[in-house]
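Reader: I'm new to reading protein models and I'd like a close look at one part of this one. Could you pick out how the helices pack and walk me through it slowly?

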Amino acid sequence: MHSEVVASRSADPRDSTRESRNGSPQLDSVSLAIIEQLQQDGRRPYAAIGKAVGLSEAAVRQRVQKLLDQGVMQIVAVTDPLTVGFRRQAMVGVNVEGDLDPVAEALTAMPEVEYVVMTAGSFDILAEVVCEDDDHLLDVINKRIRALPAVRSTESFVYLKLKKQTYMWGTR
């Protein structure tokens, strides 16, 4: 977004979020602009963000903290797993018999599982797994995922090369 467009938006720090009917936060245009600024550079100073969105540094700090507290966003360092010792990644498709929630919760609790999503289609659940090597991946799939009581079957898609990993989809 262009800063002149963002600066013209509501600058009242009290308007940051309201709860929608489904219980999730409903963000105003300034909070969305702050998120976009942080997606471009997660270390951008609050003063610079404030200048871009038309708020004081303190107001930006308050809004960012509220967005973090509400679970709307996280500020994290994103790495290439290969560069930090994890040589094997895979997406594991899981088919479940019965209720998906217990399996999804069990997958979520595994430290090697970075991403869990319930889906419609060929698989009930997709889980991204990041491991040190093939033996570690085999152990996670064979002894832990397939051992879950309701898991009917799995299919693994081993990553050969990471070509793109970004979280820059903005706030549309």
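Author: Here is a walk through the helix packing, with a few stops at single residues along the way.

One thing to keep in mind is that this is a predicted model. To get your bearings, the protein has six helices and six strands. Reading from the N terminus, they come in the order α-β-β-α-α-α-β-α-β-β-α-β.

Let's start with helix α4, residues 57-69. How do you describe two helices that pack together? You give the angle between their axes and the distance between the axes. So let's do that with helix α3, residues 46-53: its axis and that of α4 come within 8 Å and cross at roughly 100 degrees. An angle from 65 to 115 degrees counts as roughly perpendicular, so that is how α3 sits relative to α4. On the α3 side, the residues that meet α4 are Y46, A47, I49, G50 and V53. Their partners in α4 are E57, V60, R61 and V64. Sort that contact by class and you get six nonpolar, one polar and two charged residues.

Now try helix α2, residues 29-40, against α4. Here the axes come within 11 Å, and the crossing is roughly 85 degrees. That makes α2 roughly perpendicular to α4 as well. In this contact, V30, S31, I34, I35 and L38 of α2 meet R63, V64 and L67 of α4. The class count for α2 with α4 is six nonpolar, one polar and one charged. Keep an eye on V64 as you turn the model: V64 is on the list of α4 residues that meet α3, and V64 also turns up among those that meet α2.

Next comes helix α5, residues 101-109. Which of its residues are buried? They are V103, A104 and L107. If you look straight down the axis of α5, these buried residues fall within an arc of 100 degrees, so they line one face of the helix. Turned away from that buried side is a face with the exposed residues E105 and A109. And what do the buried residues of α5 pack against? The list is β3 (88-96), β4, β5, α6 (134-145) and β6.

Since α6 is on that list, let's stop at one of its residues, H136. Is H136 buried or exposed? Its relative accessibility is 17%, so H136 counts as buried, the cut-off being under 20%. Leaving aside residues up to four places away in sequence, H136 touches E112 and C131.

The strand β6 was on the α5 list too, and β6 (residues 151-158) holds F157, half of an aromatic pair. The structure has one such pair. The rings of F123 and F157 have centres 6.0 Å apart and planes at 85 degrees, so the pair is edge-to-face. F123 belongs to the loop between β4 (113-118) and β5 (125-131), and the two residues are 34 apart, so the pair links distant parts of the chain. F123 is buried, with a relative accessible area of 14%, while F157 is partly exposed at 37%.

Finally, step back to the whole protein. Of its 172 residues, 33% count as buried. Take the contacts between residues at least 6 apart in sequence, and 61% of them join residues at least 24 apart.

Note on methods: Residues are numbered from 1 along each chain as its sequence is written. This is a predicted model: local features need pLDDT of at least 70, side-chain atom pairs count only at pLDDT 80 or more; totals for chains, interfaces and linings use all residues. Side-chain values use heavy atoms; hydrogens and water are left out. Axes are lines fitted to C-alpha atoms, for helices over the stretch in contact, and angles run from 0 to 180 degrees between N-to-C directions. Helices (H or I, at least four residues) and strands (E, at least two) are DSSP runs, numbered from the N terminus. Angles under 35 degrees count as roughly parallel, over 145 as roughly antiparallel, 65 to 115 as roughly perpendicular and the rest as oblique. Contact means heavy atoms within 4.5 Å. Ala, Val, Leu, Ile, Met, Phe, Trp, Tyr, Cys and Pro count as nonpolar, Asp, Glu, Lys and Arg as charged, and the others, Gly among them, as polar. Rings of Phe, Tyr and Trp (its six-membered ring) pair if their centres lie within 6.5 Å; planes under 30 degrees apart count as stacked, over 60 as edge-to-face and the rest as tilted. Buried means under 20% relative accessible area, exposed over 50%, partly exposed in between (1.4 Å probe, protein chains only). The arc is that of the directions from the helix axis to the C-beta atoms.
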